[in-house]
Amino acid sequence: MIIESAEIFLFELPLVKTYRTSFAEISQKRSILAKLSTSNLSGYGEGSTLPFPFYVPDYADTSFLVLKDFIIPQIVGKDINNPTQLCQTFEHIKGYSFAKTAVETAFWDLYSQELNTPIWQLLGGQKKQVEIGAAIGIIKDSNQLLETVSLKVAKGCPRVKLKIEPGWDIEPIKKVREKFPDLPLLADANSAYTLKDIDLFKTLDQFNLMMIEQPLAWDDIIDHAELQQHIKTPICLDESILSVEDARKAIKIGACQIINIKPGRVGGLTEAKKIHDLCKSNNIGVWCGGMLECSVGRFFNLSIATLDGYIYPADMSASNDYFADDIVSYKYNAQGGIAEVPDFLSDFEVDEDKLRHYTVASHQFDSKS
Ligand code: MG
């Protein structure tokens with residue numbers, strides 16, 4: 001397939017309400033989108049990064065620049081026949097996994113249209129439905145927190161994830177556990193603790209959590225391996241795993257028992273599949289987290305979550321749960337803790353008028369100019 005033209009967008013969607021984690025509050029979702037076109041097809045992909053460098057170093061504006069200056073110029077005008085070949089064009093670029101994901105998933109959209117085969121099938125997926133859990137940001141009012149969890153449980157949510165931070169960790173977990181003794185529950189610390197907090201994690205052991213997600217530094221695996229030796233709750237790594245090589249090393253030293261594979265964080269579906277396959281052969285369970293993707297990013301996350309190693313519910317609440325608006329005509333939805341996996345991104349139908357309405361910067365590339 002010859003990529004004849006491309007366009008990239010830096011856009012900002014309004015959220016229904018502010019979402020709070022241990023590292024920041026988010027009230028607008030700033031994200032990037034890539035559009036690749038051949039002579040007769042167009043594909044879209046989202047790199048759902050954040051508006052600041054508090055999760056990993058790259059963020060929306062730097063991702064846009066890397067796409068503009070380095071990634072897209074190497075693709076436009078080239079004949080690229082499969083996603084592996086596409087990934088080779090940017091493998092020398094260090095980091096910027098969200099920028100890579102925008103273009104890599106746009107290529108998967110093109111590729112699946114060309115082959116007339118759904119991405120989930122091309123990836124080797126085994127199911128047409130994905131279990132969806134709830135991710136609840138930090139809510140410091142206990143009654144409001146319990147009410148929010150109750151609503152999620154009443155809607156059929158199969159598991160709940162609570163964001164925690166120093167000073168707001170044992171109390172919310174204890175309160176939710178007392179009210180819901182059997183609810184599959186996990187805590188996500190987003191790198192907010194150190195090994196000095198081992199006693200706190202030992203205390204959390206009594207609440208029978210499914211896992212504790214990324215308790216220590218975003219770029220660490222050594223301390224996580226030590227922490228895992230002191231606690232029975234399985235450690236799940238998120239921020240620390242940016243590639244299949246990171247996963248190999250973390251598994252080798254016992255830094256985790258579970259990995260949250262977000263395609264955006266690892267540079268796309270190709271790398272996510274490699275991590276999935278490695279985890280499966282090492283009996284490491286995986287699941288698909290979210291980066292507040294709009295419906296475009298959600299589509300690709302759903303597609304990879306069909307692989308049989310994805311054994312835990314995904315963080316993929318419906319678009320309306322987070323966004324006041326979206327850039328598609330038919331928004332992603334999830335009912336009763338289950339989401340149907342669409343065959344093609346066109347099932348959601350990207351609405352270019354809406355995309356341009358929410359765009360704050362864009363750039364066009366044409367092989368003929
Ligand atoms: Mg996380």
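Biologist: Which charged end sits over the ring of Trp 287?

Modeller: Happy to start there, keeping in mind that this is a predicted model. The group over the Trp 287 ring lies 5.0 Å from the ring's centre. A charge counts as sitting over a ring when the distance is within 6 Å and the direction is within 35 degrees of the ring normal. The residue that supplies this charged end is Arg 159.

Biologist: Are the rings of Phe 52 and Phe 54 stacked or edge-to-face?

Modeller: They belong to a structure that holds 7 aromatic pairs. The centres of Phe 52 and Phe 54 are 4.6 Å apart, and their planes meet at 10°. Planes under 30 degrees apart count as stacked, so the Phe 52 and Phe 54 pair is stacked.

Biologist: Is Phe 54 buried, partly exposed or exposed?

Modeller: Its partner Phe 52 has a relative accessible area of 12%, so Phe 52 is buried. For Phe 54 the value is 48%. Buried needs under 20% and exposed needs over 50%, so Phe 54 is partly exposed.

Biologist: And how are the rings of Tyr 332 and Phe 348 arranged, stacked or edge-to-face?

Modeller: Their centres lie 6.3 Å apart, with the planes at 70°. This pair links distant parts of the chain, as Tyr 332 is in the loop between α13 and β12 while Phe 348 is in the loop between β12 and α14. Planes over 60 degrees apart count as edge-to-face, so Tyr 332 and Phe 348 are edge-to-face.

Biologist: Which residues form one aromatic cluster with Tyr 332 and Phe 348?

Modeller: Tyr 332 is buried at a relative accessible area of 2%, and Phe 348 is buried at 7%. The cluster that holds them also includes Phe 299 and Phe 300.

Biologist: Which elements do the buried residues of α1 pack against?

Modeller: Helix α1 covers residues 60–71, and its buried residues include Phe 64, Val 66, Leu 67 and Ile 71. An α-helix has 3.6 residues a turn, so residues three or four places apart point the same way. The packing partners of the buried α1 residues are β1, β2, α2, α3 and β13.

Biologist: Which residues coordinate the magnesium ion?

Modeller: The donors follow the spacing D-x24-E-x24-D along the chain. The first D lies in strand β6 and the last in the loop between β8 and α9, so that pair ties together parts 50 residues apart in sequence. Both of these aspartates are buried. At 2.2 to 2.4 Å, the coordinating residues are Asp 188, Glu 213 and Asp 238.

Conventions: Residues are numbered from 1 along each chain as its sequence is written. This is a predicted model: local features need pLDDT of at least 70, side-chain atom pairs count only at pLDDT 80 or more; totals for chains, interfaces and linings use all residues. Side-chain values use heavy atoms; hydrogens and water are left out. Rings of Phe, Tyr and Trp (its six-membered ring) pair if their centres lie within 6.5 Å; planes under 30 degrees apart count as stacked, over 60 as edge-to-face and the rest as tilted. Buried means under 20% relative accessible area, exposed over 50%, partly exposed in between (1.4 Å probe, protein chains only). Helices (H or I, at least four residues) and strands (E, at least two) are DSSP runs, numbered from the N terminus. Contact means heavy atoms within 4.5 Å. Donors are N, O and S atoms within 2.8 Å of the metal (3.2 Å for Na, K and Ca); water is not among the atoms, so sites may look incomplete.
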